[in-house]
Amino acid sequence: MNTITLTTDDTEIKNLFQAFMQAWTDNDAHAFGALFTDDSDYVSYDGTIARGRRQHQHNHDLLFRGVLAGSALVGDLESIRYVTPDVAIVYGTASVLMPWRSKLPKRRLSRQTIVLVRTSTGWKISAIHNGRVRPIGVPAPDAFPSRMSQLMSRIARRLGLGRR
């Protein structure tokens, strides 16, 4: 039987990811904000960006008292990759479970790309990018979408349109 040995850092990072979901589920903006560095970035699923721990805490306080009141964050840590001993890239999937639902709608699943840094007080979130999981696949060069794009490019060039 293969067993995977977790390092102390792996365990701390897994605990941080769990604390991230728990702070959300507790609707605790203060605990949520404490997981971030002071200069962190947070890109939401819609592409908006917030900068700084205080902004993340403020935004989530409004959300937890407003449209996301009573919601839970559920998900899984997918992987940890150490870029340096003090920087890690974490991938996770998670979704907001609203209080009136018993299971997640598939269309709500998001993937988080999280940059963690080791600080004097442990691992903290330096950046997070949250994107909806909506795979569409890459069309083959001879597939209909590709052929249409190629045709439109040729027409645009002949008409002198688009980038030059």
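Accessible areas here come from the Shrake-Rupley method with a 1.4 Å probe. By that method the protein chain of this predicted model exposes about 10800 Å². Carbon and sulfur atoms supply 55% of that area.

**View 1. The whole chain holds four helices and six strands.** From the N terminus on, the elements run α-α-β-β-α-β-β-β-β-α. The C-alpha trace spans about 60 × 45 × 35 Å along its principal axes. The radius of gyration is 20 Å, whereas a compact globule of 164 residues would have one near 15 Å. Of the 164 residues, 31% count as buried. Among contacts with a separation of 6 or more, 48% are between residues 24 or more positions apart.

**View 2. The largest nonpolar core has 25 residues.** Those with the most contacts inside this core are Phe-20, Trp-24, Phe-32, Phe-36, Leu-116 and Ile-125. Two helices give two or more residues each: helix 1 (8–25) and helix 2 (29–33). Strand 1 (36–43), strand 4 (87–97), strand 5 (110–119) and strand 6 (122–132) do so as well. Helix 1 supplies the largest share, seven residues.

**View 3. Leu-16 lies in helix 1.** Leu-16 counts as buried because its relative accessible area is 10%, and the cut-off for buried is under 20%. Leaving out residues up to four places away in sequence, Leu-16 touches Leu-35, Leu-116, Trp-123, Lys-124 and Ile-125. Leu-97 makes a useful landmark for this view. Leu-16 and Leu-97 are 81 residues apart in sequence, and their C-alpha atoms are 20 Å apart in space.

**View 4. Leu-116 is one of the residues with the most contacts inside the largest nonpolar core.** The contacts described here leave aside neighbours within four places in sequence. Leu-116 is in contact with Ile-13 and Leu-16. Asp-86, Val-87, Ala-88 and Val-90 are also in contact with Leu-116. So are Trp-123, Lys-124, Ile-125 and Ser-126.

**View 5. Asn-27 sits in the loop between helix 1 and helix 2.** Asn-27 is not a glycine, yet its phi is positive, at about 55°. Its relative accessibility is 22%, so Asn-27 counts as partly exposed. Partly exposed covers the range between the buried cut-off, under 20%, and the exposed cut-off, over 50%.

**View 6. Strand 3 (residues 72–84) and strand 4 run antiparallel.** 11 bridges join these two strands. Strand 3 and strand 4 form a hairpin, with two residues between them. Within the pair, Leu-77 stands opposite Gly-92 in strand 4. Strand 4 is mostly covered, with nine of its 11 residues buried.

**View 7. Ile-89 has its place in strand 4.** Ile-89 has 13% relative accessibility and therefore counts as buried. Ile-89 touches Ser-79, Ile-80, Arg-81 and Val-83, not counting residues up to four places away in sequence. On the same count, Thr-113, Ile-114 and Val-115 are also touched by Ile-89. Ile-89 and Ser-79 are 10 residues apart along the chain. Their C-alpha atoms are separated by 8.1 Å. In a regular strand the side chains alternate between the two faces of the sheet.

**View 8. Strand 4 and strand 5 run antiparallel.** Eight bridges join them. Two bridge partners help to place the pairing. Tyr-91 has Thr-113 in strand 5 as its bridge partner. Thr-93 has Arg-111 in strand 5 as its partner.

**View 9. Strand 5 and strand 6 form a hairpin.** Two residues lie between these strands. The two strands run antiparallel and are joined by 10 bridges. Arg-111 has Gly-131 in strand 6 as its bridge partner. Arg-111 is also the partner of Thr-93.

**View 10. Helix 4 covers residues 144–159.** Helix 4 has 16 residues. At 1.5 Å a residue, helix 4 should span 22 Å. Its end C-alpha atoms are 22 Å apart, so the span agrees with that expectation. Gly-160 follows just after helix 4 and takes a positive phi of about 75°.

How values were computed
Residues numbered from 1 in each chain as written. Predicted model: local features only at pLDDT ≥ 70, side-chain atom pairs only at ≥ 80, totals over all residues. Heavy atoms only, no water. Expected span 1.5 Å × (residues − 1). Core = buried A, V, L, I, M, F, W, Y, C linked by side-chain atoms within 4.5 Å. Buried < 20%, exposed > 50% of the residue type's maximum accessible area, 1.4 Å probe, protein only. Contact = heavy atoms within 4.5 Å. Pairing = 2+ DSSP bridges. Rg over C-alpha atoms; globule rule 2.2 N^0.38 Å.
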